[in-house]
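Trainee: Please take a close look at the metal site and explain how it is set within the chain. I should also like an account of the strands, the loops and the ligand contacts, given as one connected description.

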Amino acid sequence: MKILSANFVIACNDNFDIWENYSVCIDKEIIEVGKREEILKKYPNTQEIYFGKNSILMPSLVNPHVHLEFSANRTYLKYGDFIEWLKSVIVYREKLKEECQEECYKKAINQMLKSGVGIFGEISSGGDDLKSCVQAPQKVVFFNEILGSQPEVVDILYNDFLNRVKESQKYASKRFIPSISVHSPYSTHPILIKKTLSMAKAEGMIVSTHFMESKAEREWIDKGSGDFKDFFKTFFPHIPVIKPLTSSKEFLKSFIGVRALFTHALFASSKELEMIKDLGGVITHCPISNRLLNNKTLNLKLLRELKLSYNIATDGLSSNISLNMWNELREALFIHEEENLSSFAKELLKAATKEAAFALGFDSGVIEKGKKADIIAIKLPNSTKKEDIAYQIILHTNEVEKIFIDGEEACPIL
Ligand code: BEZ
Ligand code: FE2
């Protein structure tokens, strides 16, 4: 048991409570939150860590959508247009995978940890990332991805997927959760969607998928036209009639009974977002990736109107320049220029903690008695007023002082 004390404790609860000169008494779970002097009096023989001037305690961050297998990318991939990016991923995929070995995974995982990420959701396409994710100090949801639109390869792809799922299930624990990801409506054959989601339903898995990320996806799924038509003609020249294999409605309907994170949803209609809300789904917002690949900003007003929860993620280094969640939060703060700075910063901090922890099925993300003690300590360069603290943290934080996961200080992997 220990006591963490700081100038401010930010609960990241629905009220967005901010308490001054507070302490959090923790074991694996949060035992009590209260005024520093009262907590110290109540637990006199317990070790206290006081983080000093301009210090803040808050729940650790959650990065619910990352592709670590692409962590070697810096300048290989082409940005500015989704289809051009996708083509470059196909060209460089093997090279990128080869270049990301143990050290590369460690660096990526450590970068997240140092920025205060205590939980992440890894989208795994091949399983080379399994060992590093099992060894990660963070809590991990390991989403084994299924991808492939061509009927002749469905069986091969499904068997490979099953093997990856089984392998990841060997390491299942309270902190390592094997799960599945359906890549997207344009890239995954309906048979594969059906089979993999039945498994998710049967095993109560939380699923991740990409949905309506690009204008090209919208046009292709709705009308069977646009840039994806040429893309499919180029990559699958043997197919006589090229058409989309599913409608967006059918795709979404296949998620009935499954809890899922729908990533991007940049080009999703209100009707689709309503459907996602009815499914109990949530949206994962990747602002930097969206800027680089699609030059579009997610309509947060619409999500709010629909009371549809969203969280924030970096996506992979295939569409980002870092896995530091503070960069992502800053980008969100900057690009959603119509939002009120102060209230939006609070919403963003909640999206990166409470909303995301819930989305991935973890009982943390809030500073509250009984929650798991996944907590970060931050120091600001100067003092700040309580009402400004949310945006000041986002503007000025890059790395955290300490990160606690289930009450234990977490250290980078060596
Ligand atoms: C496929 O493997 O079928 C596929 C891959 C990327 C985009 C679309 C389809
Ligand atoms: Fe992604």
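Mentor: Two strands are said to pair if DSSP finds at least two bridges between them. This convention is needed for the strands on either side of the metal site in the account below. The model is a predicted one, and every value quoted here is computed from it.

Let us begin with the strands at the start of the chain. Strand β1, residues 2-10, and strand β2, residues 18-26, pair in the antiparallel sense, with 8 bridges between them. Within that pairing, Ala6 has Tyr22 of β2 as its bridge partner. The strand β2 is also joined to strand β3, residues 30-35, by 5 bridges, again with the two strands running antiparallel. Here Cys25 finds its bridge partner in Glu32 of β3. The connection from β2 to β3 is a hairpin through 3 residues. As a general point, the side chains of a regular strand alternate between the two faces of the sheet.

The metal site itself comes next. Ligand 2 is an iron ion, and its coordinating atoms are NE2 of His65, NE2 of His67, NE2 of His210 and OD of Asp315, at 2.2 to 2.5 Å. The 4 donor atoms make angles of 81 to 175 degrees, and the site is classed as irregular. A tetrahedral assignment would require all angles to lie between 85 and 135 degrees, so the range of 81 to 175 degrees rules that class out. Read along the sequence, the donors follow the spacing H-x1-H-x142-H-x104-D. Two of them, His67 in the loop between β6 (61-66) and α2 (82-99) and Asp315 in the loop between β13 (310-312) and α13 (325-335), are 248 residues apart in sequence, so this pair ties together distant parts of the chain. Both His67 and Asp315 are buried.

Asp315 deserves a further remark on its backbone. Although the residue is not a glycine, its phi is positive, at about 60 degrees. Asp315 is placed in the loop between β13 and α13, and its relative accessible area is 4%. A second residue with such a backbone is Met212, which is likewise not a glycine and has a positive phi near 45 degrees. Met212 belongs to the loop between β10 (206-211) and α7 (215-223). It is buried, at 0% relative accessible area.

The donor His210 leads from the iron ion into a second set of strands. Strands β10 and β11 run parallel and are joined by 6 bridges, and His210 has Thr263 of β11 as its bridge partner. Strand β11 covers residues 259-264 and is mostly covered, with 5 of its 6 residues buried. On continuing from β11, one meets strand β12 (residues 282-285), which pairs with β11 in the parallel sense over 3 bridges. Thr263 takes part in this pairing too, with Thr284 of β12 as its bridge partner.

Helix α13, which follows the loop of Asp315, contains Glu328. Glu328 is buried, with a relative accessible area of 1%. Its C-alpha atom is separated by 11 Å from that of Asn290, a residue 38 positions away along the chain.

Ligand 1 is surrounded by Leu147, Gly148, Ser149, Tyr186, Ser187, Phe231, Phe232 and Phe236. Ser149 places a polar side-chain atom 2.5 Å from an oxygen atom of ligand 1. Of the 260 Å² that ligand 1 exposes when taken alone, the protein buries 84%. The side chain of Ser149 is also in polar contact with the side chain of Gln150, at 2.7 Å. Gln150 sits in the loop between β8 (139-146) and α5 (154-169) and is buried, with 8% relative accessible area.

The helix after that loop, α5, carries Arg164. With a relative accessibility of 10%, Arg164 counts as buried. The side chain of Arg164 has two backbone oxygens to note: that of Glu145 is reached at 2.8 Å, while that of Ser125 lies 3.3 Å from a polar atom of the side chain.

How values were computed. Residues numbered from 1 in each chain as written. Chains lettered and ligands numbered in written order. Predicted model: local features only at pLDDT ≥ 70, side-chain atom pairs only at ≥ 80, totals over all residues. Heavy atoms only, no water. Donors = N, O, S within 2.8 Å, 3.2 Å for Na, K, Ca; no water. Tetrahedral: all angles 85-135°; square planar, octahedral: opposite > 155°, others 65-115°. Helix = DSSP H or I, 4+ residues; strand = E, 2+ residues; numbered from the N terminus. Buried < 20%, exposed > 50% of the residue type's maximum accessible area, 1.4 Å probe, protein only. Near = heavy atom within 4 Å. Polar contact = N/O pair within 3.5 Å; in protein donor to acceptor, adjacent residues only side chain to side chain. Areas by Shrake-Rupley, 256 points an atom, 1.4 Å probe, with all protein chains shown as cover.
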